Amino acid sequence: MPVALVVLAALDGAFAGFRSSCGRTGLIRHRREDVRAHLRGLATAALLLSPVAAVVLADVLAHPPRWDDYVVAGRAMLALYLPFGATVLAALAGYAVLGWRRRFLASAVILGPFTFARPFVAVGGVVLAARAGAGCTVLAAATAAVIAALAVEPVLDRRWVTAARRRPPVLPTGTASPR
């Protein structure tokens, strides 16, 4: 169960990195840049989520019975996150293998609306954890994890804006025809 949450957080971070990058180059395929964007998102997610993981680990080591509370909260969150993530992965699989018309359909019908719904789904997982009876410490950790996961894309977007400000303006390249 903790592995499923870690995998979902890693995928979410990688996709957030791609969304942040793709917002600037969506019409042009840049395979190498896309892979770098996924890795940047994954690294940013790991960086932002590692303090939460450290606090949870310290809490469980200090209070071993609290592990059961984390498991209950994690199961409740996964009840919402797994179907959501599976639908996104199915749409991405379709996006990867289908022609451009169906790729557009996958993006317009599933990926776009699900990107919009992502913060609500993330918060909904915390609400489900609260309804499952997770304690205050567990809910605080779940809330911190959701905030960290939702911060990945804005952090990466900020990086792009800062980099664009430092870059000189793009000038036309090539030579003019003498005629």
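Two aromatic rings, taken from Phe, Tyr or the six-membered ring of Trp, are treated as a pair if their centres lie within 6.5 Å. With that criterion in hand, note that the model on screen is a predicted one, and that a search of the whole structure returns 2 aromatic pairs.

**First stop: Phe84 and Phe114**

Select Phe84 together with Phe114 and display their side chains. The ring centres are 4.7 Å apart and the planes meet at 10°, so this pair is stacked, given that planes under 30 degrees apart fall into that class. Now colour the helices: Phe84 belongs to helix α3, which covers residues 66-97, and Phe114 belongs to helix α4, which covers residues 100-131, so the pair ties together parts that are 30 residues apart in sequence. If you switch on a surface, you can look at the two partners in turn: Phe84 has a relative accessibility of 18% and therefore counts as buried, because the limit for that class is under 20%, whereas Phe114, with a relative accessible area of 23%, is partly exposed.

**Second stop: Phe116 and Phe120**

Stay in helix α4 and select Phe116 and Phe120, which both lie in that helix, 4 residues apart, or about one turn. Here the ring centres are 5.7 Å apart and the planes stand at 55°, so the pair is tilted; an angle over 60 degrees would be needed for edge-to-face. Phe116 and Phe120 are both exposed.

**Third stop: Thr44**

Move next to Thr44, which sits in helix α2, residues 31-62. What does the side chain of Thr44 reach at 2.8 Å? Drawing the distance will show that the partner is the backbone oxygen of Arg40. Thr44 has a relative accessible area of 12%, and is therefore buried. To see what surrounds Thr44 beyond its neighbours within four places in sequence, select Val152, Val155 and Leu156, with which Thr44 is in contact.

**Last stop: Val60**

Remain in helix α2 and select Val60, which is also found there. Is Val60 buried or exposed? With a relative accessible area of 16%, Val60 is buried. Once neighbours within four places in sequence are left aside, the residues in contact with Val60 are Trp67 and Tyr70. To finish, draw a line between the C-alpha atoms of Val60 and Tyr70: these residues are 10 apart along the chain, and the separation of the two atoms is 8.8 Å.

Conventions:
Residues numbered from 1 in each chain as written. Predicted model: local features only at pLDDT ≥ 70, side-chain atom pairs only at ≥ 80, totals over all residues. Heavy atoms only, no water. Helix = DSSP H or I, 4+ residues; strand = E, 2+ residues; numbered from the N terminus. Buried < 20%, exposed > 50% of the residue type's maximum accessible area, 1.4 Å probe, protein only. Polar contact = N/O pair within 3.5 Å; in protein donor to acceptor, adjacent residues only side chain to side chain. Contact = heavy atoms within 4.5 Å.
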